[in-house]
Amino acid sequence: MSEHRRKPQQPQSGGRAAARKAAQQRPARGAGSGRDVPTASPSGPYAPQPGHGSRSDARRSAGRGSAGRGRGAAAAAGAGRPKRFINYPRGEKAGWKRFVPSWKLVSGTALGFCAIITAGAGIGIASVGTPDVNKTAKAQNNVFYWADGTQMVATGGSVNRQIVPIGKIPRSMQNAVIAAENESFESDKGVDPMGIARAVWNMAKGGSTQGGSTITQQFVKNQYLDSDQTLKRKVTELFISIKLGVNEEKNTILAGYLNTAYYGRDAYGIQAAARAYFGKDSEKLNPSESAFLAAVLKGPNLYNPDGGIGATATPEQNTKRAHDRWQWVLDREVKVGRMQQAERDQFKTFPQLIESAQAAGMSGQIGYLVDTANLYLSKTKGIKVEDLAKGGYRIHTTFQKKKVDALVKAVEGTRDGMLDEKKRPETDTFVQFGAASVDVKTGALVALYGGPGIDKKHFNNNANTSGVQVGSTWKPFVLAAAMQYGTQNSDGEGISADSKYMASDLTVINNRAGQPLRDGSGKPFRQKNESPQDYGYVTLNKAMEDSINVPFAQLVFDVGHSKVKEVAESTGILPESFDPNDNASFALGTSTPSAIRMADSYATFAASGIHHDPYSVSSVQKNGKDLPGFGPPKGSRAMDNSIADNITKVLRNVVEKGTGTKAKKLGRPAAGKTGTTDKNMSAWFVGYTPELSTSVALFRSDPSAKKKELISMRGVAGIPSLHGGDIPAEIWTKYMKEALNGVAKSDFPEPDELGVVADASGAPSPSPSMSPSPSPSPSNSPSPSPSRSPSPSPTRGGGKPTCKPWAICEPDPSPSSSRSPSPSPSKTRDRPSGGTGEFPIGGSTGG
């Protein structure tokens, strides 16, 4: 047969099988290539003929076959895989559905979590113990040590902890505390979920967390000897509270709380509090006294009428808070049904408190030293007053017994030798002294004099008091600011102390725009000196030497009040003690830093511009371990050494031939400044050597008066007008002689040349002179004998009389005649401000 003969037609079935095979092969190849590729050429005489719609049908058939095999493969894989305990991700699902948990998984997880929490809570509650009030009744002392390591005093002890049963706690006390602290106490289970939620909500809004603790929880808190706010402690407190709420009688819990709570006056427990405030046993408290003690529980530092730690915890502020809270507690008892209105109406007068016996065992200066150390621990190290009262601390102070004794001897020896209350009762009574001494190189507070003693009912620490103006001891800050920033007459260049200013009495003071300040009547404000002497123009060196007011009243406007404040703050003066009025009197010492702050600030000049924050505690141990964060504060540069050393040179002239010549008796290099305020309301001397900086303040005030006001010191010790160069300088010199006995003499560094001579407008010399001048030296211009008593005018710059609570002001003196320099306005170019320093200790004033 010919090879060209057509082959016989293949069976149809064979053709269909071939088509199916081709269709099954195409998807696999298409998956790789992204297109359909035929497996055999359709051309040729012998190609099998597809059926009707063969190619499209084949593709659809291939797709169905592939998908079917996919589902089958997944099912087969799922059937072959071992069954898991937790089916997640879900193997029987495809795509994202594999990661959607089933309802069985969700409910099972929730039940398991609840079971774990319940079991954990049960174990926690079972494992914690319940408070033992008898154990907490064992008080510990706080032991204070001198700088040399010898013991100063041990405070606290078991005297102030006595447990009494619920039967000896009057019902009135129980009602007052429940009404004020936890209205649902008798029905709750130890914790108040709604109260906790409310506290969390308040905290989230930035408010108080009050309301989150029940009496049971507060009782539990009282068992801890620290106040660490850790999660572990909070959880432990919660477990103990639940356990107590379930297992203990409510009377047991209430008695435990009242027997362990802190009430102030070093009193822990209701019995100690009743004795401390009312001199009676707890069972004899009446409803009014009970309401007071319940009020104090809110926070003894802020509600104890004796006062507490901090600027907002003065005796006056605390008394007002305690009175308001006392009234609220009584009204609250009526509101919640624990007192009848008729009984409430019987208590209209705040209960009478006895004098505090907290000073027992702390005679003389010891009480003030302990208070100062406690204040330092509380305000700078965050140790709470309540924790200190619980005891157990070993506190090593910076106080040197030799120097403290020397300061007491100097103050009391001078006081006894000069004051005679029997002979001059109208002038020599209520005279008070405050003093502080600081190590120049470290800022350590080595000695202070706070008053005759807490044991003698003088509770205010005069070394750390506020409200006594510092007077002319403020003038060095004004001069230092002028040396650093310059004036409007120096084109921003720092000025020399040889710059001349008008100094005559009743000179008109101009503002920075060159316009006269106005007094209350609208007339030009005229600054008064102590002396009516017509000085004319004098150097700032001479003005400091004789403490003349007029030049500094004008200089503060030429420099700018903000610059003076920056300089003062950089040396450690606290901004809250600044006089807020930007007037002429600001330059003359209407601010009120404490004796501690003034001594520390002047130490910056002695240390050539390096400032150290004052500190009174060098180390603390608790439970045999050193607490971190103690030691000398790191020094910081407050001003350039040339400025500090030139201020020292000017202040040495004050001692050598100015208002502070009594300090020459020290017999070694010394610098200082006197300060006296209007009407002799206070007198200061602040001075230093290269080793020690010491401040002494003198003022009159009745410590028992409800309204604290200064009394004029005119006639004190028989002196018609007492000034800083009198008794304060005498005390300073006696103390420094004894304190530095045996210490080798050293001198201050020689100051570098500084500043330009920039005279005030109207001065006879050219103004300004931009050529550098030699370092400041005393003026050789003729002048009268030194004026010993600078006296700032009581009328503030701008003519609006303002008085601080401690100050006594007079109407503006009627002017007669004066010179009236009016510096023309000029462009001022200020330098960048220097660094600042701060530290939490009191305030004081002078003039």
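Let me start with the open sheet, in which five strands follow one another in the order β5-β4-β17-β16-β15, with antiparallel pairing. Please keep in mind throughout that what we are looking at is a predicted model. At the edges of this sheet are β5, covering residues 445–449, and β15, covering residues 671–676, and each of these two strands pairs on one side only. On average, and ignoring direction, neighbouring strands here are turned by 5° against each other. As general background, the strands of a sheet pair through backbone hydrogen bonds, and they may do so in a parallel or an antiparallel sense.

I would like to walk across the sheet, beginning at the β5 edge. Strand β4 pairs with β5 in the antiparallel sense, over four bridges, and one residue pair to look for on the screen is serine 437, whose bridge partner in β5 is alanine 447. The two strands make a hairpin with five residues between them, and in that turn glycine 443 has a positive phi of about 85°. As for cover, β5 is mostly shielded, with five of its five residues buried.

Moving on to β16 and β17, we find residues 682–688 in the former and residues 692–700 in the latter, joined in the antiparallel sense over seven bridges. If you want a place to find this pairing, take glycine 687, which has threonine 694 of β17 as its bridge partner.

That brings us to the other edge, where β15 and β16 pair in the antiparallel sense over six bridges, and where alanine 671 has tyrosine 688 in β16 as its bridge partner. Here too there is a hairpin, with five residues between β15 and β16, and lysine 679 in the turn has a positive phi of about 60°.

Now, a question about this edge strand: how many of the residues of β15 are buried? Six of the six are, so the strand is largely enclosed by the rest of the structure. In general, side chains in a regular strand alternate between the two faces of the sheet. In β15 both faces are covered, since Ala671, Lys673 and Gly675 are buried on one side, while Gly672, Thr674 and Thr676 are buried on the other.

Two helices should be placed against this sheet. Helix α24, residues 641–657, lies across β15 and β16 and runs at about 65° to β15. Helix α25, residues 727–739, lies across β4, β5, β16 and β17, and its direction is at about 145° to β17.

Between α24 and β15 there is a loop, and in that loop sits threonine 659. Is threonine 659 buried or exposed? With a relative accessibility of 1%, threonine 659 counts as buried, because the cut-off for burial is under 20%. Its side chain is joined to the side chain of threonine 674 by a polar contact of 2.6 Å, and threonine 674 is itself among the buried residues of β15.

Let me turn to the interior. The largest nonpolar core has 133 residues, and the members that touch the most others are Phe433, Trp474, Phe477, Phe552, Leu555, Val564 and Tyr735. Apart from this core lies another one, of 41 residues, which includes Leu285, Ala295, Val329 and Phe350. Coming back to tryptophan 474, and setting aside neighbours within four places in sequence, its contacts include Val564, Ala568, Ile573, Phe578 and Phe586. The general tendency in soluble globular proteins is for nonpolar side chains to be buried together.

Two further residues deserve a look. Arginine 344 belongs to helix α14, residues 341–344, and it is buried, with a relative accessible area of 8%. Leaving aside neighbours within four places in sequence, arginine 344 is in contact with Gln327, Leu330, Asp331, Val334 and Met339. Threonine 214, in turn, is in the loop between α6 and α7, and it is also buried, at 1% relative accessible area. Its C-alpha atom is separated by 9.6 Å from that of isoleucine 178, although the two residues are 36 apart along the chain.

Finally, the chain as a whole: there are 25 helices and 20 strands, and 51% of the 847 residues count as buried. Among contacts between residues at least 6 apart in sequence, 73% join residues at least 24 apart. The exposed surface comes to about 38,800 Å², and 53% of that is supplied by carbon and sulfur atoms.

Terms used:
Residues are numbered from 1 along each chain as its sequence is written. This is a predicted model: local features need pLDDT of at least 70, side-chain atom pairs count only at pLDDT 80 or more; totals for chains, interfaces and linings use all residues. Side-chain values use heavy atoms; hydrogens and water are left out. Two strands pair if DSSP finds at least two bridges between them. Axes are lines fitted to C-alpha atoms, for helices over the stretch in contact, and angles run from 0 to 180 degrees between N-to-C directions. Contact means heavy atoms within 4.5 Å. Buried means under 20% relative accessible area, exposed over 50%, partly exposed in between (1.4 Å probe, protein chains only). Accessible areas come from the Shrake-Rupley method with a 1.4 Å probe; for residues, only the protein chains shown count as cover. A nonpolar core is a set of buried Ala, Val, Leu, Ile, Met, Phe, Trp, Tyr and Cys residues joined through side-chain atoms within 4.5 Å. A polar contact is a pair of N or O atoms within 3.5 Å; within protein, one must be able to donate a hydrogen and the other to accept it, and residues adjacent in sequence count only if both atoms are side-chain atoms.
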